[in-house]
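The following exercises concern one helix, its surroundings and the contact between two chains. Each task is followed by a solution in steps.

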Amino acid sequence: MRTALFLLLLVAFAAVPGSLVPQQTSDPNGVIQYKAENPGWSKVLDFLGVFNTYSSVWFSAIYILLFISLIGCIIPRTLHHINALRTPPPKTPVRLDRLPGFLRSTDAVASDEEVAAGIVAARTLLRGSGYRVRTFDGESASAERGYLRETGNLIFHIALVGILISVGLGGGFIWTGQKVVPVGQSFANTLSDYDSISPGRWFSPDSLDPYKLTVTKFDVKYERANLNAYGDITDYTAYVRTSEPGKPTINETIKVNSPLDIGGTNVYLLSNGYAPVVTVRNPAGKVVYTQPIPFLPQDNNYTSEGVIKVPDGLSKQVGMVGFFYPTQCDTKTCGLAPVSVDPSLTNPVLTLQVYTGDLGLNSGKPVNAYALDTDNLKVIAGQKSGKPGLTLRPGQTVKLPDGLGTIELNKVIRYVGLDIHHDPTQLWVLTFAVLVFLGLITGLFIPRRRVWIKAVRRAGKVHYEYAGLARGEDPRLDDAVAEIARKHSQLLGLNMKP
Amino acid sequence: MTIVHEAVTQATLVTDSLVAIYSAMFVYALAFIFFTYDLAKRMSAAKQVSAVPAVAEVSSKRVGQIAVLDRPTAPAPPGFEVAAQSNRSGAAKRSFSARLGMIFTVMAWLLHVGGTVLRGVAAGRVPWANMFEFTLTATAIIIGVFLVMQFWQDLQFLGAYVTGFVLVFLGVATTNFYVDVVPLPPALQSYWLVIHVFVASLGTGFYGLGAALSIVQLVQARRASRGLNAIGAVPTAERLEALAYRLIVVGFVFWTFTLIAGSIWAEHAWGRYWGWDTKEVWTFIVWVIFAGYIHARATRGWRGSRSATLAIIGFSAVLFNFTIVNVYFHGLHSYSGL
């Protein structure tokens, strides 16, 4: 117990640093920022693995030790408990008057047969109250109940080991992927169609169930009645059409708190935003680029940032860094710097800075689609170029500088960011968690107690004595003994001696 | 027209709710004053009696050992321990000021519950969707459990602590945590908000009272070890420990449920049941500390003052989790609205 206590407190203590420092798994951007702000100190933390506290060697060592000590405790206790389950209650102590809850009845004259009948009555009464009973020579009854307390306690601890094993072994089978899908487009569950994927150790691309999912509509509801929350978003709903091989297509919805269960995966709606659809033409008017570009929201009013890369078709490679404002504030009220004042698409404006040069797309290395490295590019509109940036509203076309061609903002559509997860451990973990809870309740609240009823002869008369003993916490022991004594003495027509 | 009408009704309800809460705070303050006066009287009474310290010396040696019984007992067979004797100390004389304190506490609690319910009605949902509302509900639960416990054990000596604590938190909630009624963001629109958060506040309430009893337990144990008399009409350290344990065990069950329900909700909303989010980490830390507390009670040499200290540390971690983690830490649970 001392070891378990020590290791428990150590786990609690060791979990603290991971909450004070951003974690690689839950907040990767926070880690980058933290490292930039504390370059020296973060080297020490990095060495100690604090940015990955919960998978670090030292944290793992502590909880593995805890679980080893737990298993070392469960095994002997289980054996001992199985033994106890098969052992009848122990002999009645010689003297009951020094045990808790001791009570005695009044004296009565009674024959041996009547005493034996009194003990039989005691046995029936105790059995009826859920006790396991053993009688001794028609003189006393020894009873025990609450074996379920230890059973629950053991189930609680075994289920904790079960959770750890499910998480530890199952982790290799989990994979999670991300995909951004503009409304009207589809996602196919094949490795090449994911934007990114983090596979577990035993992931195989063949295991992907080849379903297809088309986002047909994306609805957003805004609060307009409550002025304290004007413009707050109250609902997101993605409407999708799914098709699995050999099954008819089905229309489904995905919401923030209700993922879609399909093909062994859960599909979550974790982000969304606006995707301006732009068309770039060369000076001859030929379309060289046209597609929706997902812009990442930067604030609650969906001021969004995005990047357009046009590597082919124009005389130079062109990259554009854009800001999108779904409801741009009037310059008279908000000043010259553009700002979005509402998340809905009321007064949409797209602004672009234009760069030329090598976009770095030909090196074969994967490039972040949402970022443009402008270090080696030449700015030709906006920023320090001396020329104003481009400003577009839906339906408008403007010329690119240097006679490169034109760009048109056709329209603005929504996109959804889907997370696709496959986690076979969930059901196991849930089952063990339920067992933990049930085991906890039975292990804590079912009292384990022994009760004795004994006939005592003195000076030709007989009286009955009652006492109990608790294993573990049992605040109601005295009441329980008193209740049994009352019932038993009543059956025999005796009173309790005050 | 209807929109305007609804907005007006909502504004009235919000104002009524706040008026009820402020009134509750005023009445709690009165209760606090009377409870404190009562406590001061108990302390001074204890001082006068303690001129004869010899009796207490004996019991001091037992502090921290197995629960001391009022009656001599036979040595228990191995593995069995004798349950703490329940001495119903409610028979002790109740002072007039303590009685006034209780009356004011009940009045304040009714206002408090009324204000909390009105807030829920105004918002058209459960009143625990942000820090302000959570504080209203959790403090109402603390007082509720405190009042219900009176039927079964006289806890008036805790009145000053409990009303003082609740008063401070209501003060912080109304001045620092207050937010207008706004609709729930999509992530919070789930029946798990009703279950997970309410059970968390139940757990907080039980832990809070358990920790309060543990503090008094430490005071009593300390007085006993210094040969001072016990504070008047306050149970012995052993009895307090038994009471604290029973409350904390209930709190622990609620907390375990909160963790499991939270994991299920996290799986629905964020796509994973556990991700070491700061709030998850601290809820886990609290769970482990109280698991440690329960083990400590079964460990030789850790019963008594040591386990009481663990309970107090555990509840401090609960408060830290609710205040500092919510306000200053980054994480997915940033719904405080601050």
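**Exercise 1: A helix and its buried side**

Establish which elements the buried residues of α9(A) pack against, and where around the axis these residues lie.

Solution. The model is a predicted one. The buried residues of α9(A) pack against α7 (147-170) of chain A together with α7 (237-270) of chain B. They are Val429(A), Phe432(A), Ala433(A), Val436(A), Gly439(A), Leu440(A) and Gly443(A). Around the axis they cover an arc of only 130 degrees, so they lie on the same side of α9(A). The face turned away from this buried side carries Leu427(A) and Val434(A), which are exposed.

**Exercise 2: The span of the helix**

Determine what span is expected for helix α9 (residues 426-445) of chain A.

Solution. The helix has 20 residues, and at 1.5 Å a residue it should span 28 Å. Its end C-alpha atoms are 28 Å apart, which agrees with the expected value.

**Exercise 3: The contact between the chains**

State how many residues each chain gives to the contact, and describe the side of chain B that touches chain A.

Solution. Chain A gives 57 residues and chain B gives 54. On the side of chain B that touches chain A, two or more residues come from each of α1 (2-49), α7 and α8 (278-296) of chain B. The residues of this side divide into 34 nonpolar, 14 polar and 6 charged.

**Exercise 4: Chain B as a whole**

Characterise the secondary structure and burial of chain B.

Solution. Chain B has 9 helices and 0 strands. Of its 338 residues, 49% count as buried.

Notes:
Residues numbered from 1 in each chain as written. Chains lettered and ligands numbered in written order. Predicted model: local features only at pLDDT ≥ 70, side-chain atom pairs only at ≥ 80, totals over all residues. Helix = DSSP H or I, 4+ residues; strand = E, 2+ residues; numbered from the N terminus. Expected span 1.5 Å × (residues − 1). Buried ≥ 20, exposed ≤ 12 C-beta atoms within 10 Å, placed from the backbone. Arc of directions from axis to C-beta. Contact = placed C-beta atoms within 7 Å. Nonpolar A, V, L, I, M, F, W, Y, C, P; charged D, E, K, R; others polar.
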